[in-house]
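Here's a small set of exercises to work through with the viewer open. Try each one yourself before you read the solution.

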Amino acid sequence: MSLSCNQLLEKHRQLWHEATVHPFLTQCQQGTIKAEQFNTWLVQDYQFVLEFTRMLARIVAIAPQSDFDILLSGLSAIKDELNWFQAKASERSLYLDVPKQPTCAEYCDYMHSLALSPYPVQSTALWGIEFAYNQGWQLPGTMPAPYSEFADRWGNPGFTEYVKQLERLADISLETASETIQEQAEEAFVTVAKLEKDFWQMAFNSAQ
Ligand code: HMH
């Protein structure tokens, strides 16, 4: 029987909860997150997105042509996202060219290592990464300014639709994948979930 994204969510419900529900996000929603915590997240996530861009480009390089439309729309949206990060950092007088904290570096190294995995594994990881932010930023409910803009970036209907399309691509690729590759895809999903949780915790820990 073939594995699906939905099965992964059901099988690893607790882990997924920890990846998408965190005091960092709850405190954004309550307006009580400290500037130091939010700014740390912002600059580290910019570093993350730079590496994520490369990961997505490598996925395009091995994707079936039928997946190009969706993947290329994602790649094109990232161009806007990187510019947006630069604008947000500038508003906050933040310097973006910072060293990666160990957790961010670990996540970036992991994305790099995925290049060695077959398409169904990379496709599942891609969906997991995007779905984590799509859910994480939406689950707390309406956020106050200035956080509403961040919640909207990953929670807006267009992005939600994009993530659904990524789920479909991953599901289709898993349908014909061998059992070994399906196991690798599950491992990738679990790793992404753990790294997402660690990433929130990294930013949250930066408060004095
Ligand atoms: C840590 N995970 C992290 N950062 C992001 N920007 C996303 C997922 C969504 O692209």
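**Exercise 1.** Is serine 93 buried or exposed, and what is the sign of its phi?

*Solution.* Bear in mind that this is a predicted model. Start by placing the residue: serine 93 sits in the loop between α5 and α6. Next, check the area. The cut-off for exposed is over 50% relative accessible area, and serine 93 comes out at 68%, so it's exposed. Now for the backbone: phi of serine 93 is near 55°, a positive value in a residue other than glycine. Most residues other than glycine have a negative phi.

**Exercise 2.** Find the cis peptide bond that involves proline 146 and say where this proline is.

*Solution.* Look at omega. Between alanine 145 and proline 146 omega is about 5°, and that peptide bond is cis. Then locate it: proline 146 belongs to the loop between α7 and α8. As background, most peptide bonds are trans.

**Exercise 3.** Which residues of helix α8 are buried, and what covers them?

*Solution.* Helix α8 runs over residues 147–155, and its buried residues are Tyr147, Phe150, Ala151, Arg153, Trp154 and Gly155. Then ask what packs on top: the cover includes α3, α4, α5 (68–91), α7 (119–136) and α9 (157–175). For one contact seen from the α5 side, take lysine 88, which is in helix α5. Lysine 88 touches Phe150, along with Leu42 and Glu149, once residues up to four places away in sequence are set aside. With a relative accessible area of 7%, this lysine counts as buried.

**Exercise 4.** Compare two pairs: how far apart in space are leucine 82 and leucine 50, and how far apart are aspartate 109 and tryptophan 84?

*Solution.* Take the leucines to begin with. They are 32 residues apart in sequence, and their C-alpha atoms are 7.7 Å apart. Leucine 82 lies in helix α5, and it's buried because its relative accessibility is 14%, under the 20% cut-off. Its contacts, leaving aside neighbours within four places in sequence, are Tyr46, Val49, Leu50 and Thr53. Now the second pair: aspartate 109 and tryptophan 84 are separated by 25 residues in sequence and by 24 Å in space, C-alpha to C-alpha. Aspartate 109 is in helix α6 (residues 102–113) and is exposed, at 54% relative accessible area.

**Exercise 5.** Which residues have the most contacts inside the largest nonpolar core, and what does phenylalanine 24 touch?

*Solution.* The largest nonpolar core has 71 residues, and Phe24, Trp41, Leu71 and Trp137 have the most contacts inside it. Helix α4 (residues 35–62) gives this core its largest share, 12 residues. Zoom in on phenylalanine 24: beyond its neighbours within four places in sequence, it contacts Ile33, Gln37, Phe38, Trp41, Trp137, Trp200, Ala203 and Phe204. Its backbone nitrogen also lies 2.9 Å from a polar side-chain atom of histidine 22. That histidine is in the loop between α2 (13–20) and α3 (23–30), and at 5% relative accessibility it counts as buried. With the same sequence neighbours left out, histidine 22 is in contact with Lys197, Trp200, Gln201 and Phe204.

**Exercise 6.** Which residues surround the ligand, and what are the polar distances to Asp45, Glu130 and Glu196?

*Solution.* List the surroundings: Asp45, Phe48, Val49, Tyr107, Ile129, Glu130, Tyr133, Trp154, Glu196 and Phe199. Then pick out the acids. A nitrogen atom of the ligand is 2.6 Å from a polar side-chain atom of aspartate 45. For glutamate 196, a side-chain N or O atom is 2.6 Å from a ligand nitrogen. With glutamate 130, the partner is an oxygen atom of the ligand, 2.8 Å from a side-chain N or O atom. Finish with the area: the ligand exposes 290 Å² when taken alone, and the protein buries 99% of that.

**Exercise 7.** How many disulfides are there, and how far is the sulfur of cysteine 104 from that of cysteine 108?

*Solution.* The cut-off is sulfur atoms within 2.5 Å, and the count comes to 0 disulfides. For cysteine 104, the nearest cysteine sulfur is that of cysteine 108, at 4.1 Å, and cysteine 104 is in no disulfide. Cysteine 108 is in no disulfide either. On accessibility, cysteine 104 is buried at 0%, and cysteine 108 counts as buried at 4%.

Key. Residues numbered from 1 in each chain as written. Predicted model: local features only at pLDDT ≥ 70, side-chain atom pairs only at ≥ 80, totals over all residues. Heavy atoms only, no water. Core = buried A, V, L, I, M, F, W, Y, C linked by side-chain atoms within 4.5 Å. Buried < 20%, exposed > 50% of the residue type's maximum accessible area, 1.4 Å probe, protein only. Helix = DSSP H or I, 4+ residues; strand = E, 2+ residues; numbered from the N terminus. Contact = heavy atoms within 4.5 Å. Polar contact = N/O pair within 3.5 Å; in protein donor to acceptor, adjacent residues only side chain to side chain. Areas by Shrake-Rupley, 256 points an atom, 1.4 Å probe, with all protein chains shown as cover.
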